[in-house]
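User: I'd like some help reading how helices and strands pack in a model. Could you walk me through it?
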Amino acid sequence: MITAASLVVALGTGYPAHAGDPRVGGDEGGTQPEQPGTDEGATSGNGTIGANIRISQSNPGSGGSTTTATSSNANWKPPVCWYEPMYTPEEYEEFIKSAYTTAAEPAASYARKRDKANYNKGDKGLWWQVKFRDDTYSEACPVTTDNWEIWVPPADPQPDPNKLTPEILSELAFNSTELPAPPVELSPRADRLIVNLGTRVKFRGDFDRVWTTASINYKGVQMAATTVATPVALKVESGTDDADPQTCTYDLVKGKSGYTVDSEDAGCNVTYRRSSGDGTYPFKASITWKVTWTDSADPDGPPRQPALPDGLSTYEENVTVKEIQSVNR
(Lines give C-alpha, C1' and ligand atoms only; values in the text may rest on other atoms or scores of the structure.)
Protein backbone atom coordinates (compact mmCIF):
# COMPACT_ATOMS: atom_id res chain seq x y z
CA MET A 1 0.00 0.00 0.00
CA ILE A 2 1.05 3.59 -0.50
CA THR A 3 0.26 6.65 1.54
CA ALA A 4 -2.43 8.94 0.28
CA ALA A 5 0.08 11.78 0.16
CA SER A 6 2.39 9.86 -2.16
CA LEU A 7 -0.60 8.96 -4.32
CA VAL A 8 -1.51 12.61 -4.66
CA VAL A 9 2.06 13.56 -5.53
CA ALA A 10 2.49 10.72 -8.02
CA LEU A 11 -0.66 11.56 -9.90
CA GLY A 12 0.04 15.26 -9.75
CA THR A 13 -3.26 16.19 -8.17
CA GLY A 14 -4.62 17.36 -4.87
CA TYR A 15 -8.18 16.66 -5.92
CA PRO A 16 -9.50 13.60 -4.16
CA ALA A 17 -11.00 14.81 -0.93
CA HIS A 18 -14.27 16.60 -1.61
CA ALA A 19 -16.66 17.40 -4.42
CA GLY A 20 -16.71 21.09 -5.22
CA ASP A 21 -13.05 21.47 -4.19
CA PRO A 22 -11.00 20.23 -7.16
CA ARG A 23 -7.38 21.37 -7.09
CA VAL A 24 -5.88 19.55 -10.02
CA GLY A 25 -2.68 19.95 -11.97
CA GLY A 26 0.96 19.05 -12.30
CA ASP A 27 4.24 20.88 -11.88
CA GLU A 28 3.44 23.00 -14.93
CA GLY A 29 0.36 24.43 -13.27
CA GLY A 30 -3.23 23.33 -13.07
CA THR A 31 -6.83 24.36 -13.28
CA GLN A 32 -9.65 24.35 -10.79
CA PRO A 33 -12.68 23.23 -12.78
CA GLU A 34 -16.20 23.10 -11.45
CA GLN A 35 -17.41 19.66 -10.54
CA PRO A 36 -19.87 18.54 -13.25
CA GLY A 37 -23.20 16.96 -12.53
CA THR A 38 -23.37 17.44 -8.76
CA ASP A 39 -26.80 16.49 -7.41
CA GLU A 40 -28.65 18.93 -5.21
CA GLY A 41 -28.88 18.29 -1.50
CA ALA A 42 -25.57 16.51 -1.08
CA THR A 43 -25.08 17.81 2.45
CA SER A 44 -26.90 17.39 5.72
CA GLY A 45 -27.13 19.21 9.01
CA ASN A 46 -24.95 16.55 10.63
CA GLY A 47 -22.20 16.71 8.04
CA THR A 48 -20.77 14.81 5.11
CA ILE A 49 -17.78 12.58 4.43
CA GLY A 50 -16.06 12.21 1.10
CA ALA A 51 -18.12 13.75 -1.66
CA ASN A 52 -21.72 12.64 -1.20
CA ILE A 53 -21.93 10.55 1.98
CA ARG A 54 -24.33 12.03 4.48
CA ILE A 55 -23.92 11.54 8.22
CA SER A 56 -26.87 11.90 10.57
CA GLN A 57 -27.14 10.98 14.22
CA SER A 58 -29.82 10.62 16.85
CA ASN A 59 -29.82 12.89 19.88
CA PRO A 60 -27.15 11.50 22.23
CA GLY A 61 -29.18 12.55 25.26
CA SER A 62 -28.01 13.12 28.84
CA GLY A 63 -27.97 16.88 28.36
CA GLY A 64 -24.25 16.97 29.04
CA SER A 65 -21.08 17.00 27.01
CA THR A 66 -20.38 14.54 24.22
CA THR A 67 -17.20 12.95 22.99
CA THR A 68 -16.25 11.19 19.77
CA ALA A 69 -16.54 7.44 20.22
CA THR A 70 -13.28 5.56 20.54
CA SER A 71 -12.83 1.88 19.81
CA SER A 72 -12.21 -0.64 22.56
CA ASN A 73 -10.00 -2.43 20.03
CA ALA A 74 -6.79 -0.42 19.70
CA ASN A 75 -6.04 -2.15 16.37
CA TRP A 76 -9.31 -1.13 14.73
CA LYS A 77 -9.05 1.68 12.19
CA PRO A 78 -11.76 3.32 10.05
CA PRO A 79 -11.35 3.28 6.26
CA VAL A 80 -8.75 5.70 4.94
CA CYS A 81 -10.20 5.85 1.43
CA TRP A 82 -12.86 4.31 -0.77
CA TYR A 83 -14.45 4.69 -4.21
CA GLU A 84 -17.65 6.72 -4.58
CA PRO A 85 -19.86 7.09 -7.68
CA MET A 86 -18.99 10.41 -9.29
CA TYR A 87 -19.37 10.70 -13.08
CA THR A 88 -21.31 9.55 -16.08
CA PRO A 89 -18.99 8.85 -19.04
CA GLU A 90 -19.72 12.29 -20.52
CA GLU A 91 -19.08 14.04 -17.20
CA TYR A 92 -15.89 12.07 -16.73
CA GLU A 93 -14.61 13.14 -20.13
CA GLU A 94 -15.36 16.75 -19.22
CA PHE A 95 -13.58 16.36 -15.90
CA ILE A 96 -10.45 14.74 -17.34
CA LYS A 97 -10.10 17.18 -20.22
CA SER A 98 -10.53 20.22 -18.01
CA ALA A 99 -8.61 19.07 -14.95
CA TYR A 100 -5.60 17.59 -16.74
CA THR A 101 -5.14 20.17 -19.50
CA THR A 102 -1.76 21.34 -18.23
CA ALA A 103 -0.85 18.34 -16.06
CA ALA A 104 2.69 16.98 -15.99
CA GLU A 105 3.65 13.32 -15.95
CA PRO A 106 2.41 10.87 -14.80
CA ALA A 107 -0.95 12.65 -14.78
CA ALA A 108 -0.74 13.43 -18.49
CA SER A 109 -0.30 9.75 -19.35
CA TYR A 110 -3.19 8.91 -17.06
CA ALA A 111 -5.42 11.34 -18.97
CA ARG A 112 -4.34 9.89 -22.32
CA LYS A 113 -5.16 6.38 -21.11
CA ARG A 114 -8.69 7.45 -20.22
CA ASP A 115 -9.09 9.23 -23.55
CA LYS A 116 -7.91 6.14 -25.43
CA ALA A 117 -10.61 4.10 -23.69
CA ASN A 118 -13.14 6.76 -24.76
CA TYR A 119 -14.26 7.14 -21.12
CA ASN A 120 -16.59 4.15 -21.57
CA LYS A 121 -19.03 6.37 -23.47
CA GLY A 122 -21.97 4.37 -24.72
CA ASP A 123 -21.75 1.90 -21.84
CA LYS A 124 -24.10 1.72 -18.90
CA GLY A 125 -22.42 2.48 -15.60
CA LEU A 126 -20.56 5.20 -13.70
CA TRP A 127 -17.01 6.25 -12.99
CA TRP A 128 -16.26 5.92 -9.27
CA GLN A 129 -13.50 8.08 -7.81
CA VAL A 130 -11.28 7.60 -4.76
CA LYS A 131 -12.25 9.72 -1.75
CA PHE A 132 -10.48 10.20 1.54
CA ARG A 133 -11.73 10.34 5.11
CA ASP A 134 -9.72 13.48 5.80
CA ASP A 135 -7.31 15.82 4.08
CA THR A 136 -4.09 14.86 5.85
CA TYR A 137 -3.25 12.08 3.35
CA SER A 138 -0.90 10.62 5.96
CA GLU A 139 -2.23 7.06 6.19
CA ALA A 140 -1.81 4.18 3.79
CA CYS A 141 -4.49 4.00 1.10
CA PRO A 142 -4.77 0.73 -0.87
CA VAL A 143 -5.27 2.50 -4.20
CA THR A 144 -2.70 2.84 -6.97
CA THR A 145 -2.10 5.72 -9.32
CA ASP A 146 -3.41 3.54 -12.16
CA ASN A 147 -6.84 3.44 -10.57
CA TRP A 148 -7.64 6.94 -9.38
CA GLU A 149 -11.07 6.24 -10.83
CA ILE A 150 -12.64 2.90 -11.67
CA TRP A 151 -15.41 2.03 -14.11
CA VAL A 152 -18.36 0.29 -12.45
CA PRO A 153 -21.06 -1.27 -14.67
CA PRO A 154 -24.60 -1.87 -13.33
CA ALA A 155 -23.80 -5.54 -12.77
CA ASP A 156 -20.34 -5.54 -11.20
CA PRO A 157 -18.94 -9.10 -11.52
CA GLN A 158 -15.76 -8.42 -9.53
CA PRO A 159 -16.26 -5.47 -7.20
CA ASP A 160 -13.11 -3.64 -6.16
CA PRO A 161 -12.44 -4.27 -2.44
CA ASN A 162 -12.32 -0.50 -1.89
CA LYS A 163 -15.63 0.18 -3.60
CA LEU A 164 -18.14 1.76 -1.22
CA THR A 165 -20.34 -0.83 0.51
CA PRO A 166 -22.72 -0.82 3.49
CA GLU A 167 -19.90 -2.32 5.58
CA ILE A 168 -17.61 0.61 4.75
CA LEU A 169 -20.48 3.00 5.49
CA SER A 170 -20.96 1.34 8.89
CA GLU A 171 -17.31 1.91 9.74
CA LEU A 172 -17.52 5.56 8.68
CA ALA A 173 -20.69 5.96 10.75
CA PHE A 174 -19.03 4.43 13.80
CA ASN A 175 -16.01 6.70 13.40
CA SER A 176 -18.34 9.74 13.27
CA THR A 177 -20.45 8.82 16.28
CA GLU A 178 -20.69 11.29 19.15
CA LEU A 179 -21.47 9.68 22.51
CA PRO A 180 -22.44 11.22 25.84
CA ALA A 181 -19.53 11.56 28.22
CA PRO A 182 -20.40 9.63 31.39
CA PRO A 183 -22.58 12.10 33.34
CA VAL A 184 -21.33 10.89 36.71
CA GLU A 185 -21.86 12.53 40.04
CA LEU A 186 -19.76 11.57 43.06
CA SER A 187 -21.00 11.52 46.61
CA PRO A 188 -19.28 13.03 48.54
CA ARG A 189 -18.39 15.66 45.91
CA ALA A 190 -15.16 15.38 43.95
CA ASP A 191 -13.48 18.04 46.10
CA ARG A 192 -14.66 16.50 49.40
CA LEU A 193 -13.87 12.81 49.27
CA ILE A 194 -12.76 11.32 52.57
CA VAL A 195 -10.27 8.62 53.42
CA ASN A 196 -11.91 5.25 54.23
CA LEU A 197 -15.36 6.45 53.20
CA GLY A 198 -16.89 4.64 50.21
CA THR A 199 -17.50 6.82 47.17
CA ARG A 200 -20.97 6.57 45.68
CA VAL A 201 -21.23 6.92 41.90
CA LYS A 202 -24.44 7.88 40.14
CA PHE A 203 -25.55 9.46 36.90
CA ARG A 204 -26.77 13.04 36.69
CA GLY A 205 -29.27 11.98 34.04
CA ASP A 206 -30.50 9.04 32.02
CA PHE A 207 -29.67 8.46 28.40
CA ASP A 208 -30.48 5.90 25.73
CA ARG A 209 -28.82 4.19 22.80
CA VAL A 210 -27.29 6.32 20.07
CA TRP A 211 -27.45 5.58 16.36
CA THR A 212 -25.57 7.10 13.44
CA THR A 213 -26.47 6.66 9.77
CA ALA A 214 -24.06 7.05 6.85
CA SER A 215 -25.83 7.07 3.51
CA ILE A 216 -25.37 7.93 -0.13
CA ASN A 217 -27.99 8.70 -2.77
CA TYR A 218 -26.15 9.89 -5.84
CA LYS A 219 -26.68 9.24 -9.55
CA GLY A 220 -28.94 6.29 -8.84
CA VAL A 221 -26.59 4.66 -6.31
CA GLN A 222 -28.41 4.31 -3.00
CA MET A 223 -27.11 2.58 0.12
CA ALA A 224 -27.00 3.19 3.84
CA ALA A 225 -25.70 1.73 7.07
CA THR A 226 -26.65 2.56 10.63
CA THR A 227 -24.56 1.88 13.70
CA VAL A 228 -26.38 1.47 17.00
CA ALA A 229 -24.45 2.05 20.23
CA THR A 230 -26.11 0.67 23.37
CA PRO A 231 -24.59 1.51 26.78
CA VAL A 232 -23.84 -1.66 28.74
CA ALA A 233 -21.37 -0.85 31.52
CA LEU A 234 -19.80 1.95 33.51
CA LYS A 235 -16.22 1.61 34.71
CA VAL A 236 -14.69 4.00 37.22
CA GLU A 237 -10.98 4.22 37.94
CA SER A 238 -9.78 5.76 41.18
CA GLY A 239 -6.54 7.14 39.76
CA THR A 240 -4.33 5.80 42.53
CA ASP A 241 -2.96 2.54 43.89
CA ASP A 242 -4.07 3.71 47.34
CA ALA A 243 -7.71 2.83 46.74
CA ASP A 244 -9.73 -0.29 47.39
CA PRO A 245 -10.59 -1.41 44.79
CA GLN A 246 -8.69 0.65 42.26
CA THR A 247 -11.48 0.19 39.72
CA CYS A 248 -15.18 -0.67 39.79
CA THR A 249 -17.45 -1.76 36.98
CA TYR A 250 -21.25 -1.42 37.11
CA ASP A 251 -23.82 -2.85 34.72
CA LEU A 252 -26.10 -0.28 33.18
CA VAL A 253 -29.80 -0.99 33.54
CA LYS A 254 -32.52 0.36 31.28
CA GLY A 255 -35.22 2.20 33.17
CA LYS A 256 -38.22 4.22 32.10
CA SER A 257 -36.06 7.10 30.88
CA GLY A 258 -33.08 5.20 29.55
CA TYR A 259 -29.99 3.47 30.85
CA THR A 260 -28.74 4.40 34.29
CA VAL A 261 -26.82 3.21 37.33
CA ASP A 262 -26.79 4.06 41.01
CA SER A 263 -24.01 2.44 43.02
CA GLU A 264 -25.51 3.08 46.45
CA ASP A 265 -26.19 -0.62 47.10
CA ALA A 266 -23.48 -1.98 44.79
CA GLY A 267 -20.91 -4.37 46.11
CA CYS A 268 -18.15 -2.39 44.39
CA ASN A 269 -17.46 1.15 45.55
CA VAL A 270 -14.09 2.89 45.46
CA THR A 271 -12.70 3.67 48.91
CA TYR A 272 -9.61 5.84 49.09
CA ARG A 273 -7.10 4.68 51.73
CA ARG A 274 -4.79 7.67 51.60
CA SER A 275 -5.38 11.38 51.21
CA SER A 276 -4.31 13.18 48.05
CA GLY A 277 -2.33 15.64 50.20
CA ASP A 278 -1.78 18.93 48.43
CA GLY A 279 -2.62 17.37 45.08
CA THR A 280 -5.45 15.39 43.46
CA TYR A 281 -6.13 11.96 42.00
CA PRO A 282 -7.13 11.61 38.30
CA PHE A 283 -10.54 9.95 38.62
CA LYS A 284 -11.87 8.53 35.34
CA ALA A 285 -15.23 7.15 34.30
CA SER A 286 -15.86 5.39 31.00
CA ILE A 287 -18.95 3.86 29.41
CA THR A 288 -18.70 0.75 27.27
CA TRP A 289 -21.14 0.73 24.35
CA LYS A 290 -22.11 -2.41 22.47
CA VAL A 291 -22.11 -1.45 18.79
CA THR A 292 -24.09 -3.22 16.09
CA TRP A 293 -24.95 -2.13 12.55
CA THR A 294 -27.68 -2.53 9.98
CA ASP A 295 -27.42 -2.22 6.20
CA SER A 296 -30.14 0.43 6.02
CA ALA A 297 -31.18 3.72 7.60
CA ASP A 298 -33.29 1.77 10.10
CA PRO A 299 -31.60 1.35 13.51
CA ASP A 300 -33.99 -1.48 14.30
CA GLY A 301 -33.08 -3.52 11.24
CA PRO A 302 -31.40 -6.93 11.63
CA PRO A 303 -27.76 -6.70 12.82
CA ARG A 304 -25.17 -7.47 10.17
CA GLN A 305 -21.68 -8.95 10.17
CA PRO A 306 -18.76 -8.49 10.49
CA ALA A 307 -19.18 -7.07 13.97
CA LEU A 308 -17.85 -3.69 14.97
CA PRO A 309 -15.78 -3.26 18.14
CA ASP A 310 -17.30 -1.87 21.32
CA GLY A 311 -17.25 1.90 21.68
CA LEU A 312 -16.02 3.92 24.63
CA SER A 313 -16.83 7.37 25.96
CA THR A 314 -14.77 8.79 28.80
CA TYR A 315 -14.94 11.49 31.46
CA GLU A 316 -12.03 12.56 33.65
CA GLU A 317 -12.01 14.66 36.80
CA ASN A 318 -9.43 15.48 39.44
CA VAL A 319 -10.62 14.52 42.92
CA THR A 320 -9.43 15.69 46.31
CA VAL A 321 -9.31 13.15 49.14
CA LYS A 322 -9.04 14.45 52.67
CA GLU A 323 -8.23 12.74 55.95
CA ILE A 324 -10.20 13.80 59.00
CA GLN A 325 -9.76 12.79 62.61
CA SER A 326 -13.31 11.50 62.95
CA VAL A 327 -12.59 8.68 60.52
CA ASN A 328 -10.38 5.89 61.95
CA ARG A 329 -7.75 4.40 59.70
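Analyst: Here is a short tour of one helix pair and one sheet. This is a predicted model, where local features need pLDDT of at least 70, side-chain atom pairs count only at pLDDT 80 or more, and totals for chains, interfaces and linings use all residues. Residues are numbered from 1 along each chain as its sequence is written, and side-chain values use heavy atoms, leaving out hydrogens and water.

User: At what angle do α2 and α3 pack?

Analyst: Helices (H or I, at least four residues) and strands (E, at least two) are DSSP runs numbered from the N terminus. Axes are lines fitted to C-alpha atoms, for helices over the stretch in contact, with angles from 0 to 180 degrees between N-to-C directions. Here α2 (residues 89-99) and α3 (residues 107-116) pack at about 150°, their axes 10 Å apart. The two are therefore roughly antiparallel (over 145 degrees).

User: Which residues of α2 and α3 meet?

Analyst: Contact means heavy atoms within 4.5 Å. From α2, Tyr92, Ile96 and Lys97 meet Tyr110, Ala111, Arg114 and Asp115 of α3.

User: And the sheet: in what order do its strands come?

Analyst: Generally, strands pair through backbone hydrogen bonds, either parallel or antiparallel. Two strands count as paired if DSSP finds at least two bridges between them. In this case the open sheet runs β8-β9-β11, with antiparallel pairing. β8 (81-87) and β11 (149-152) are at the edges with a single partner strand each, so one side of each has no neighbour in the sheet.

User: How many bridges join β8 and β9?

Analyst: Six, linking β8 to β9 (residues 126-132) in the antiparallel sense. Tryptophan 82 sits opposite lysine 131 in β9.

Note on methods:
Angles under 35 degrees count as roughly parallel, over 145 as roughly antiparallel, 65 to 115 as roughly perpendicular and the rest as oblique.
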